[in-house]
Amino acid sequence: MERNPIFHQTRLRLAAWYTLVMGGILGLSSLGVYSVVAHVYYETIDQGLQSVANALHKSIEPAWQQPGQLQRLNKEFSLELCVAQTSCLPKRTSIKKSITEAANPVNYYIRLLDRSGKLFASGGIEFDNFPITSALEHWQILTDDSGTRYREITLPLYTQNQVSGYLQVARSITDLDQHLVYLRLALVLGLPISMIFVGLSSWWLAGRAMQPVYLSYQQMQQFTADAAHEFRTPLAAMYSTIEAAIKLQQEPKSNGGILDVLKRQNRRLSQLVGDLLLLTRIDQKELTGEYQPCCLNDLISDLIEELAFLAVETKVNLSKQVQVSEKLYVIGNEEQLYRLISNLIANAIQATSSGGKVTVFLEKSELYTMIKIQDTGIGIAVEHQQRIFDRFYRVDRDRSRTSGGSGLGLAIAIAIARAHKGNIHVQSQPGLGSTFTVRLPLSS
């Protein structure tokens, strides 16, 4: 399968599409996992912070606006309160929620605000770095000067069923940010690694899926090769018989025309069988003959000379323009290269009306040689240009039948070019002619 470019490219496209689809699914799944985990983390922190705030609120609200009672709460909650306009005890303390968190204490701070939202008392971590936030927001996220983020909850304090102040409790969410950073890192690193495994699996699965199709294609190729091979013997016998009948006929005027038609159609059928056999051998890479340096200058000169009679018959001016001073050589099979260029020149002559021109150019680039066959013929429409190299595809079927074309000439040409590690490119406009460019690597 790897030796056939059509199946190789199809397998590559299937694997690429499968990888792309799976990558999109994995990306969306990763985004969903991250969103769910982040939401769970926030919910857990909010629940813990809500519990701490409720416990403080139950103890602080009865003692609200009673300084003596507020000082008594210091020891109960292991929290230093700093009342405004008084000297403060150590500014940084921690509320330890349980013994298991002793190794990684979570920092809290508490602020008491009066009815107008002004700071009345505070405690916990250093509070100078935080602006006074709105007491009307129940949940908020704050960031200090060092970039540390805090989650804050605000609860109202009541005196005689009226709001007389606010309790704000905040918790550092550094641990949450670290967990999310690790999660993002795992997802960012894990996704490309997963994509590599998905790509390899896609390539293997595409190969497995295409194996039955490829086996059927091979069987079809083998049938074509066997049938073409078997047809050659009876066709050759028929041709010899027709030749003998023409020579031995007693009444040329009565039977000569019929025998000539049989002979012409037999030759056409023999050519078709030979083309099919050649294409099958190219596909199966079973062409005989060693590759050796071939001189394109001499090859083009011979072709111009041999196809001159066809140009004269159709009243087309056939010429060449060799735009290099030295001889250009490519590594290949001279007979196959002859067939490649011959097909292109013959097609150009047949597509050009009387009085037109067909010019063969030979050019050179740094690593490649270019053979351009330019004609002033009818041209090829854009919608046909991508399909003219398909087997049995003919742009003008009526004209192809009258000229004897089978639709295999260009298919053979591009197959030979690819077998020589080259390609063929076409440029054409209807009514203005066409230019076929053969690009082959130069011999080193």
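**Notebook: D375, N297, the cores and strand β6**

I began at D375, whose side chain reaches the backbone nitrogen of G377 at 2.9 Å. This is a predicted model, and I kept that in mind while reading the distance. I placed D375 in strand β11, which covers residues 368-375. I then asked myself whether D375 is buried or exposed. With a relative accessible area of 7%, D375 falls under the 20% limit, and therefore I noted it as buried. Leaving out residues up to four places away in sequence, I listed what D375 touches: A348, T352, K357, V358, L432, G433 and S434.

Next I turned to N297, which I found in helix α5, residues 296-306. The relative accessible area of N297 is 10%, so I entered this residue as buried too, the cut-off being 20%. Which residues is N297 in contact with, once neighbours within four places in sequence are set aside? I wrote down V322, V324, E326, K327, L328 and L362.

I then looked up the nonpolar cores. The largest of them has 43 residues, and those with the most contacts inside it are L340, I345, I371, I424 and F436. At least two residues of this core come from each of α5, α6 (308-313), α7 (334-350), β10 (357-364), β11, α10 (409-419), β12 (423-429) and β13 (433-441). Which element gives the most to this core? I found that α7 does, with eight residues. In the margin I added that nonpolar side chains in soluble globular proteins tend to be buried together.

I followed F436 further and, not counting residues up to four places away in sequence, recorded that it touches L344, I371, K372, I373, I380, I388, F389, L410, I424, H425 and V426. Apart from the largest core lies another one, of 14 residues, and I noted L155, L157, L167 and V169 among them.

My next entry concerns strand β6, residues 162-172. Why did I call this strand largely enclosed by the rest of the structure? Nine of its 11 residues are buried, and so the description holds. I then checked the strands that pair with β6. Strand β2, residues 108-114, pairs with β6 in the antiparallel sense over seven bridges, and in this pairing I found Y109 opposite A170. Strand β5, residues 149-159, also runs antiparallel to β6, and 10 bridges join the two; here R151 stands opposite R171. I also noted that β5 and β6 form a hairpin with two residues between them, and that Q160 in the turn has a positive phi of about 55°.

Last, I took down values for the whole protein chain. I counted 10 helices and 13 strands, and buried residues make up 39% of the 444 residues. Among contacts between residues at least 6 apart in sequence, 65% join residues at least 24 apart. The chain exposes about 26100 Å², of which carbon and sulfur atoms supply 57%.

On confidence, I recorded an average pLDDT of 77 for the protein chain, with 68% of the residues scoring at least 70. Over residues 83-105 the pLDDT is below 50, although this stretch has 31 contacts in the model beyond near neighbours in sequence.

Definitions and conventions. Residues numbered from 1 in each chain as written. Predicted model: local features only at pLDDT ≥ 70, side-chain atom pairs only at ≥ 80, totals over all residues. Heavy atoms only, no water. Helix = DSSP H or I, 4+ residues; strand = E, 2+ residues; numbered from the N terminus. Buried < 20%, exposed > 50% of the residue type's maximum accessible area, 1.4 Å probe, protein only. Contact = heavy atoms within 4.5 Å. Polar contact = N/O pair within 3.5 Å; in protein donor to acceptor, adjacent residues only side chain to side chain. Core = buried A, V, L, I, M, F, W, Y, C linked by side-chain atoms within 4.5 Å. Pairing = 2+ DSSP bridges. Areas by Shrake-Rupley, 256 points an atom, 1.4 Å probe, with all protein chains shown as cover. pLDDT = per-residue confidence, 0-100.
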